[in-house]
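The following exercises concern a single protein model. Each task is followed by a solution in steps.

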Amino acid sequence: MTLTSLTANADEEQLYRETYRPQYHYTPAHRWIGDPCGAVKYANKYMAYCWGAATTKDLVHWKELNDNAIQGLPKGIAAFTGSVVVDKDNTAGYGKDAMIAAFTSYDEQTKKQSQSIAFSHDGGLTYKYYDKNPVIDIWSTEFRDPTVLRNPKTGDWVMLVAKALEKKVAFYGSSDLKHWKWLSDFGPLGDSERSWECPDMFQLPVERTNEKKWVMVVSINWSREQYFVGDFDGKTFIPDSTISYPQYIDDGLDYYASRTFQDYDNPGNNDIYTIGWVNTWDYAPTAPSKWGKGVWSLPRKLTLYQTADGLRLRQTPVQALEKLRGAAKSRTFKPKAGTTPLNDIAKMGNTYEMEIVLKDGGADEAGFNFCEGDGRKVTLSYDNRSHYLVLNRTHTSNVEIPKFNRMAYFKVPGNRKSLKLNVFVDKSTIEVFVNDGEQVLTLLTYAGINQTGASVFSAHGNSTITYKAWPMKSIWEESKQ
């Protein structure tokens with residue numbers, strides 16, 4: 001056996017076990033992964049791209065198909081973020097049920113961004129570049145990230161594209177996916193400080209009603225997302241409110257460029273799922289992971305619920321994740337003032353799920369430390385008088401990452417006597433769903449191998465803590481067989 005083959009075997013043995021590699025979030029074998037693109041459900045499976053293809057039947061166990069699905073790109077042209085549709089009626093002329101990718105063509109020499117398409121005859125495994133691209137070109141260097149959907153009123157196609165530095169989303173219409181006409185612009189509105197990118201739009205059911213509303217999601221400032229609830233008349237998106245303050249998708253530190261799965265098996269399905277990119281551009285290129293860079297979030301189910309201030313977005317982790325649970329550990333207690341180690345959680349090695357309830361028994365600031373060890377930790381604390389939830393990652397990573405040491409905080413609405421948290425810790429990532437997904441916090445940790453501790457703390461000993469925790473199985477064990 002040669003030295004080369006010995007090295008290859010060693011690398012294969014280590015694959016999916018590398019330091020920082022999440023065990024139940026999707027990551028590619030060996031490459032960069034950024035914005036989820038082309039999320040569709042078709043032929044009883046889900047697919048998503050970046051622009052390598054990946055597929056899953058349950059939104060939990062993923063199979064990477066390739067690292068370059070779009071074939072025939074001209075020299076000097078790169079494929080940026082986009083979407084995929086299934087052309088069931090052969091409107092583009094590539095055949096019934098052909099899959100069509102719409103994406104931003106980036107000219108590496110001029111920096112110009114325009115919109116192009118490619119078509120697939122092999123079920124979305126690969127796409128052939130359309131030889132008359134681009135299909136939309138406004139001669140801009142800040143015009144990107146198309147989402148294409150079917151107009152439910154006319155059956156025509158609608159494309160949303162970000163005019164990034166104008167903080168606008170442009171709407172275009174087409175009958176054949178090749179010839180497009182401008183329809184309208186939306187924006188600026190809400191958070192319009194620096195940029196808009198990666199627009200998505202979809203209909204969501206309103207809980208406890210038979211109503212559906214349109215929701216537009218826009219990635220902003222290269223760091224987070226905001227959303228608007230409203231109506232769409234086929235040409236124009238009309239928000240329910242034009243108040244200036246934004247509604248954010250995620251109040252954590254690392255969630256961006258999400259896409260919903262368009263369901264072509266059952267277009268009227270109310271089960272709407274989304275995935276996002278767990279990262280932020282400030283430090284994405286400097287991540288210390290060795291297999292590559294980038295993580296996709298846990299899939300989330302979306303609905304709308306009514307509040308005194310209008311409709312708000314609820315995000316809950318996909319139920320299929322429960323298949324990964326091991327034997328549960330549970331406990332109810334009233335910790336004394338100070339810090340109490342959670343040794344049963346520490347044994348799970350930063351690969352676990354927790355359901356937590358903090359009950360108010362008087363003035364207190366209480367919470368949890370995760371990824372604890374070597375003097376480092378992530379702290380999630382709740383003050384039951386001010387109702388502020390604070391996420392502190394200022395001393396977590398075991399390596400120096402520029403601009404990484406940050407905090408996030410927000411005021412939990414209402415005057416509840418308890419706070420419910422669903423926490424997913426997965427090696428270098430944490431996702432926290434607050435009060436059944438009314439708010440979410442997503443963050444990277446890059447905790448070291450000795451940082452597997454967990455503890456609960458209380459300032460005054462007035463909080464009752466209930467938790468149930470499960471070690472989570474790796475989704476990669478089957479992939480390696």
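Two residues are in contact when heavy atoms of theirs lie within 4.5 Å. The model is predicted, and local features are taken only at pLDDT of at least 70, side-chain atom pairs only at pLDDT 80 or more, while totals for chains, interfaces and linings use all residues. Residues are numbered from 1 along each chain as its sequence is written, and side-chain values use heavy atoms, with hydrogens and water left out.

**Exercise 1. Loop residues and distant partners**

Task: Determine where Asn44 lies and which residues Asn44 touches, not counting residues up to four places away in sequence.

Solution.
- Step 1. Asn44 belongs to the loop between β1 (37–42) and β2 (45–49); helices (H or I, at least four residues) and strands (E, at least two) are DSSP runs numbered from the N terminus.
- Step 2. With the stated exclusion, Asn44 touches Lys57 and Asp265.
- Step 3. Asn44 and Asp265 are separated by 221 residues in sequence, yet their C-alpha atoms are 7.0 Å apart.
- Step 4. Asn44 counts as exposed because its relative accessibility is 60%; exposed means over 50% relative accessible area, buried under 20%, and partly exposed in between (1.4 Å probe, protein chains only).

Task: Carry out the analysis for Thr19, in the loop between α1 (3–14) and β1.

Solution.
- Step 1. Outside its neighbours within four places in sequence, Thr19 is in contact with Trp291 and Ile449.
- Step 2. From Thr19 to Trp291 there are 272 residues in sequence and 8.9 Å in space, C-alpha to C-alpha.
- Step 3. The relative accessibility of Thr19 is 40%, so Thr19 counts as partly exposed.

**Exercise 2. Backbone geometry**

Task: Identify which peptide bond into Pro134 is cis, which into Pro188 is cis, and what phi Tyr16 has.

Solution.
- Step 1. Most residues other than glycine have a negative phi, and most peptide bonds are trans.
- Step 2. The bond from Asn133 to Pro134 is cis, with omega near 0°; Pro134 lies in the loop between β9 (127–129) and β10 (136–140).
- Step 3. The bond from Gly187 to Pro188 is cis, with omega near -5°; Pro188 is in the loop between β14 (181–186) and β15.
- Step 4. Tyr16 has a positive phi, near 70°. Tyr16 sits in the loop between α1 and β1 and is buried, at 10% relative accessible area.
- Step 5. Asn44 also has a positive phi, near 65°.

**Exercise 3. Cysteines and the nonpolar cores**

Task: State how many disulfides the whole structure holds, and why Cys198 does not bond to Cys37.

Solution.
- Step 1. A disulfide is a pair of cysteine sulfur atoms within 2.5 Å, and the search finds 0 of them.
- Step 2. The closest cysteine sulfur to that of Cys198 belongs to Cys37, at 7.7 Å, which is too far for a bond.
- Step 3. Cys198 is buried, at 1% relative accessibility, and Cys371 is buried, at 0%.

Task: Find which residues of the largest nonpolar core touch the most other members.

Solution.
- Step 1. A nonpolar core is a set of buried Ala, Val, Leu, Ile, Met, Phe, Trp, Tyr and Cys residues joined through side-chain atoms within 4.5 Å.
- Step 2. The largest core has 45 residues, and Met354 and Phe370 touch the most other members.
- Step 3. Beyond four places in sequence, the contacts of Met354 include Ile345, Phe368, Phe370, Leu421 and Tyr467.
- Step 4. A second, separate core holds 38 residues, among them Tyr42, Ala53, Ala102 and Leu177.

**Exercise 4. Internal cavities**

Task: Establish how many cavities of 30 Å³ or more there are, and what lines the largest cavity.

Solution.
- Step 1. On a 1 Å grid over the protein atoms alone, a cavity is a set of points where a 1.4 Å probe fits but cannot get out, and lining residues have an atom within 4 Å of a point. Grid points are joined across faces, edges and corners, and a volume is the space filled by probe spheres set on the points.
- Step 2. The count is 4 cavities of 30 Å³ or more.
- Step 3. The largest cavity holds about 90 Å³. Its lining has 13 residues, with Leu358, Lys359, Asp360, Tyr382 and Asn384 nearest the centre.
- Step 4. β27 (351–360), β28 (365–373) and β32 (418–426) each give two or more residues to this lining; β27 gives the largest share, 3 residues.
- Step 5. The second largest cavity holds about 60 Å³, and its lining includes Asp200, Phe202, Glu225 and Gln315.

Technical notes. On a 1 Å grid over the protein atoms alone, a cavity is a set of points where a 1.4 Å probe fits but cannot get out, and a pocket is an open set with protein on both sides within 12 Å along at least five of seven lines; lining residues have an atom within 4 Å of a point.
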